[in-house]
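Biologist: I am new to reading protein models, and I would like some help with this one. Could we go through it together, one question at a time?

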Amino acid sequence: MKNSRLGKDITFLWKGLKINGEPIVSKENLTLEIHKSTGRCVCCVKLQYDVIDGNLVATWLGVNQKEIGEYDLTLWVNKG
């Protein structure tokens, strides 16, 4: 976990991601979300990302950050 100030762009790099044992090669059928549960409110934002050499690179822009705290990233395959 890394601390960062609210309003700063945060870049995530997931190396060597595999789905069903195979490295990811495209963004097709994948959805990346960042979310936080805060009592009554659930904040969920879709993140834009790229797949480069089997690695996923995403940036959460500071202008989209509304609350401080801990967040989770979820990568969905074939999200309905």
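**A guided look at the chain**

Modeller: Happily! Let us begin with Asn78, which lies in the segment after β8 (72–77). Please keep in mind that this is a predicted model.

Biologist: Is Asn78 buried or exposed?

Modeller: The relative accessibility of Asn78 is 55%. A residue needs over 50% to be called exposed. Asn78 passes that cut-off, so we call Asn78 exposed.

Biologist: What is the phi of Asn78, about?

Modeller: Asn78 is not a glycine, yet its phi is positive. The value for Asn78 is about 55°.

Biologist: Asn20 also has a positive phi without being a glycine. Where does Asn20 lie?

Modeller: Phi of Asn20 is near 55°. Asn20 is exposed, with a relative accessible area of 78%. As for its place in the chain, Asn20 sits in the loop between β2 (18–19) and β3 (22–23).

Biologist: Let us step back to the whole chain. How many strands does the secondary structure hold?

Modeller: Starting from the N terminus, the elements run β-β-β-β-β-β-β-β. There are zero helices, and the number of strands is eight.

Biologist: What share of the chain's contacts with a separation of 6 or more comes from residues 24 or more positions apart?

Modeller: Here we set aside pairs with a separation under 6. Among the contacts that remain, residues 24 or more positions apart account for 68%.

Biologist: What percentage of the 80 residues is buried?

Modeller: To be buried, a residue must have under 20% relative accessible area. Glu33 is an example, since its value is 7%. Across the 80 residues, the buried share is 22%.

Biologist: Glu33 sounds interesting. Which side chain makes a polar contact of 2.4 Å with the side chain of Glu33?

Modeller: Glu33 belongs to strand β4 (residues 30–38). One polar contact, at 3.0 Å, joins its side chain to that of Trp76. The 2.4 Å contact of Glu33 is with the side chain of Lys79.

Biologist: Val45 is among the residues that Glu33 touches. Is Val45 buried, exposed or partly exposed?

Modeller: Val45 lies in strand β5 (residues 41–46), and beyond four places in sequence its contacts are Leu32, Glu33 and Ile34. Its relative accessible area is 29%. That lies between the cut-offs of 20% and 50%, so Val45 is partly exposed.

Biologist: The structure holds one aromatic pair. What kind of pair do Trp60 and Tyr71 make?

Modeller: The ring centres of Trp60 and Tyr71 are 4.8 Å apart, and their planes meet at 65°. Planes over 60 degrees apart give a pair its name here, so this one is edge-to-face.

Biologist: How many residues apart in sequence are the parts that this pair ties together?

Modeller: Trp60 is buried at 6%, whereas Tyr71 is partly exposed at 22%. Trp60 lies in strand β7 (residues 55–60) and Tyr71 in the loop between β7 and β8. The pair therefore ties together parts whose distance in sequence is 11 residues.

Biologist: One last thing: which residue lies over the face of Tyr49?

Modeller: Look at the ring centre of Tyr49 and go 5.1 Å from there. The residue over that face is Lys27.

Methods: Residues are numbered from 1 along each chain as its sequence is written. This is a predicted model: local features need pLDDT of at least 70, side-chain atom pairs count only at pLDDT 80 or more; totals for chains, interfaces and linings use all residues. Side-chain values use heavy atoms; hydrogens and water are left out. Helices (H or I, at least four residues) and strands (E, at least two) are DSSP runs, numbered from the N terminus. Buried means under 20% relative accessible area, exposed over 50%, partly exposed in between (1.4 Å probe, protein chains only). A polar contact is a pair of N or O atoms within 3.5 Å; within protein, one must be able to donate a hydrogen and the other to accept it, and residues adjacent in sequence count only if both atoms are side-chain atoms. Contact means heavy atoms within 4.5 Å. Rings of Phe, Tyr and Trp (its six-membered ring) pair if their centres lie within 6.5 Å; planes under 30 degrees apart count as stacked, over 60 as edge-to-face and the rest as tilted. A charge sits over a ring if NZ of Lys or CZ of Arg is within 6 Å of the ring centre and within 35 degrees of the ring normal.
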